[in-house]
Amino acid sequence: VNRSSERARFDRTFPAVPESLFDIRDHVRGLAGRAGLSERAMEDLVLAVSEASANAVVHSGSPTVRIRWVLRDDGVEVEVADDGVFRNRVRVPSVEGAGGFGIPLMAALSDEISIVEGTGRRPGTTVRLVKRNQ
Amino acid sequence: VTTLSVERVDDPRGLRLEGELDLATVGEVEMALGELVQEGGEITLDVGRLRFMDSSAVQLLIRTLQGLDDRGRIVLHHPGHSLRRLIGVMGLDRIPNLEVRE
């Protein structure tokens, strides 16, 4: 991952409950507006981040979900990370959401997506979404 | 904080949704849909003032459409950009008893 173009980052942590999803979207909309993303790019990113966060809320058993906003020269990157310490996470499909729609949806909405599954030593899942300036 | 409002509408018969529909609020819609689904027929969901919808709502729609089968259909009325994107990506527009109406 090339991080040389990173200009700023901002972390915020939310309780891992469904009611946080609204606040997370609100948070991302605010940051996206200031980053100069187009309305459509912002809506795509908001939906992708909300999906990733919903997965963290439902599946991780983590008490919190951390949203990392990274402003890059070529766009923005958002990391959605949980630290599901209470449940053994095994494979990527656990991130897919109840209907298994999550990953294809997030991939369609983003320019780049990567998912890092936690290990016993370093628990938690991180979904990284990139939206580039057109 | 009220993030979603659900209103029962008689003409056209269905629901008017306003706000944001996600994992936290999808249960409200499911409950409101229950009676309409039982009766069958055409159900119109006016989503013109729905700012956001996620895949949990899409899953509810798919379940509902399967439950309706040939007893009824759903019309999604006035979807905005964000919803049309979700509908397209998730292939909802290919389900026979769902109509997306501008």
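Is His78(B) buried, exposed or partly exposed? In this predicted model, His78(B) turns out to be partly exposed, with a relative accessible area of 37%. That puts the residue between the cut-offs, since buried means under 20% and exposed means over 50%. As for where it sits, His78(B) belongs to the loop that runs between strand 4 and helix 3 (81-89) of chain B. Its backbone is a bit out of the ordinary run too: phi is near 65 degrees, a positive value in a residue other than glycine.

Chain B has another residue of this kind. Asp69(B) is not a glycine, yet its phi is positive, at about 45 degrees. This residue is found in the loop between helix 2 (55-68) and strand 4 (72-77) of chain B. Asp69(B) has a relative accessible area of 52%, so it counts as exposed, the cut-off being over 50%.

Further back along chain B comes a cis peptide bond. The bond joins Asp11(B) to Pro12(B), and its omega is about 0 degrees. Pro12(B) is part of the loop linking strand 1 (4-10) with strand 2 (13-21) of chain B.

Over in chain A, helix 2 takes up residues 39-59. From first C-alpha to last, this 21-residue helix reaches 30 Å, close to the 30 Å expected at 1.5 Å a residue. How much of helix 2 of chain A is buried? The count is 16 of its 21 residues, so the helix is largely enclosed by the rest of the structure. After helix 2 of chain A comes Gly61(A), with a positive phi near 70 degrees.

The two chains also meet helix to helix. The axes of helix 3 of chain A (residues 102-109) and helix 3 of chain B come within 10 Å and cross at roughly 125 degrees. That angle makes helix 3 of chain A oblique to helix 3 of chain B, because it falls outside the range of 65 to 115 degrees for roughly perpendicular and is not over 145, as roughly antiparallel would need. The crossing of these two helices is right-handed. On the chain A side, the contact is made by Leu105(A), Ala108(A) and Leu109(A) of helix 3. Helix 3 of chain B brings Arg85(B), Leu86(B) and Val89(B). Sorted by class, the contact between the two helices holds five nonpolar residues, no polar ones and one charged residue. The charged one is Arg85(B), as Arg counts as charged.

Note on methods:
Residues are numbered from 1 along each chain as its sequence is written. Chains are lettered from A and ligands numbered from 1 in the order in which they are written. This is a predicted model: local features need pLDDT of at least 70, side-chain atom pairs count only at pLDDT 80 or more; totals for chains, interfaces and linings use all residues. Side-chain values use heavy atoms; hydrogens and water are left out. Helices (H or I, at least four residues) and strands (E, at least two) are DSSP runs, numbered from the N terminus. Buried means under 20% relative accessible area, exposed over 50%, partly exposed in between (1.4 Å probe, protein chains only). Axes are lines fitted to C-alpha atoms, for helices over the stretch in contact, and angles run from 0 to 180 degrees between N-to-C directions. Angles under 35 degrees count as roughly parallel, over 145 as roughly antiparallel, 65 to 115 as roughly perpendicular and the rest as oblique. A crossing is left-handed if the near helix is turned anticlockwise from the far one by less than a right angle, and right-handed if clockwise. Contact means heavy atoms within 4.5 Å. The expected span of a helix is 1.5 Å times one less than its number of residues.
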